[in-house]
Structures are given as structure tokens and as C-alpha cells.
Amino acid sequence: MNLNNLSVEAIDDKQFHQLGSNLLQSIELALETADDQLDLDLDIERQGGNVINIRFRDKSVIVVNTQPPLHEIWVAAKSGGYHYRWAGTMAKPLWLDTKTGKELLSDLTEFASDQAGQALKIQLI
């Protein structure tokens, strides 16, 4: 994705907290729903309000956490570590990987599907 073609709305700390909280809630809800429907045997644990640990049947883990000082979302998965920076608007939230430019929820869907061994879909609520 080309960042030069995007209209990015600057966010302050309060907005980052709101966006990050909504993102983490969306991830939790999507994974809990998938777990109920597909019997994935996931263990989804929130730590300190800004960290989600997702344990899969094979004991692999994905960690998603907000980094308020940097206004970034960090993801650690089997495939590696990723940093996502704000690139959207309040009306159209968007987090893009700082190295690849790929979108957070697309990446997270791919990582979780790989680690669960089944296709999952993670999107904002």
C-alpha cells in the first residue's frame, strides 16, 4: 500500500487510546467467536489493558499490544515481530506495517489462520 496516496488524520494520545482499545476489543471478539464456531481451543488473555496473548492449540502464541508513546500497535507471531503505525482517519481506521506497508488486520488474520490451522477472519467491530 502506498502511504503517499493516503489521507492520514493525525491523532492525539486520547484518540490513540480509543482506537487501540477498539482494535483490541475487535480482535478479542473475532477470536472468541471463531473459537466458539470452530472449536479452536484458543486461550485469549488480556494483560494490563493493552496486551492480548492468544495461545493456540499447538502452544504457539500471538501477542498484540499497543505502544502509546509511539502511537503504534506491535504484533509478535510465529512468523516474526511487526510494528503498525497509524495511517487512517477516525472514520476509517488503518494501521500499516512500518516495513511492508501491509494492513494490520489482514496480517493478523493471516497469522492467526496459520497458527490455528483454519481460516479465520478478524475485522473491526
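Visitor: Is Arg-46 buried, partly exposed or exposed?

Guide: Welcome! Keep in mind that this is a predicted model. The relative accessible area of Arg-46 is 30%. Buried means under 20% and exposed means over 50%, so a value of 30% makes Arg-46 partly exposed.

Visitor: Which residue does the side chain of Arg-46 meet in a salt bridge?

Guide: Arg-46 belongs to strand S1, and its partner sits in helix H1 (residues 13–38), so the pair ties together parts that are 18 residues apart in sequence. The partner is buried, with a relative accessible area of 15%. At 2.8 Å, N to O, the residue that meets Arg-46 is Glu-28.

Visitor: How are the strands arranged, and in what order?

Guide: Six strands make up an open sheet, with antiparallel pairing. Strands S1 (43–47) and S6 (95–97) are its edges, as each pairs on one side only. From one strand to the next, the twist averages 20°. The order is S1-S2-S3-S4-S5-S6.

Visitor: Which residue in S5 is the bridge partner of Glu-72?

Guide: Strand S4 (residues 72–77) and S5 run antiparallel and are joined by six bridges. Glu-72 also has a salt bridge to this partner, with the closest N and O atoms 2.6 Å apart. Glu-72 itself is buried at 5% relative accessible area, while the partner is partly exposed at 45%. That partner is Arg-85.

Visitor: Why does the pair of Tyr-82 and Phe-111 count as stacked?

Guide: Tyr-82 lies in strand S5 and Phe-111 in helix H2 (residues 104–116), so their pairing ties together parts 29 residues apart in sequence. Both are buried: Tyr-82 has a relative accessible area of 17%, and Phe-111 has 7%. Their ring centres are 4.7 Å apart. Stacked requires planes under 30 degrees apart, and the pair is stacked because its planes stand at 25°.

Visitor: Which residues form one aromatic cluster?

Guide: Two of the members, Trp-86 and Trp-95, form an edge-to-face pair, 5.0 Å centre to centre with 70° between the planes. Trp-86 and Trp-95 are also buried. The cluster consists of Phe-16, Trp-86 and Trp-95.

Visitor: How many salt bridges does a search of the whole structure find?

Guide: Among them is one between Asp-58 and Lys-78, at 3.3 Å, N to O. Lys-78 is exposed, with a relative accessible area of 61%. Elsewhere, Lys-102, Asp-107 and Glu-110 are linked in a network of salt bridges. For the whole structure, the search finds five.

How values were computed:
Residues numbered from 1 in each chain as written. Predicted model: local features only at pLDDT ≥ 70, side-chain atom pairs only at ≥ 80, totals over all residues. Heavy atoms only, no water. Phe/Tyr/Trp six-rings, centres within 6.5 Å; stacked < 30°, edge-to-face > 60°. Helix = DSSP H or I, 4+ residues; strand = E, 2+ residues; numbered from the N terminus. Buried < 20%, exposed > 50% of the residue type's maximum accessible area, 1.4 Å probe, protein only. Pairing = 2+ DSSP bridges. Axes fitted to C-alpha atoms, helices over the stretch in contact; angles between N-to-C directions. Salt bridge = Lys/Arg side-chain N within 4 Å of Asp/Glu carboxyl O.
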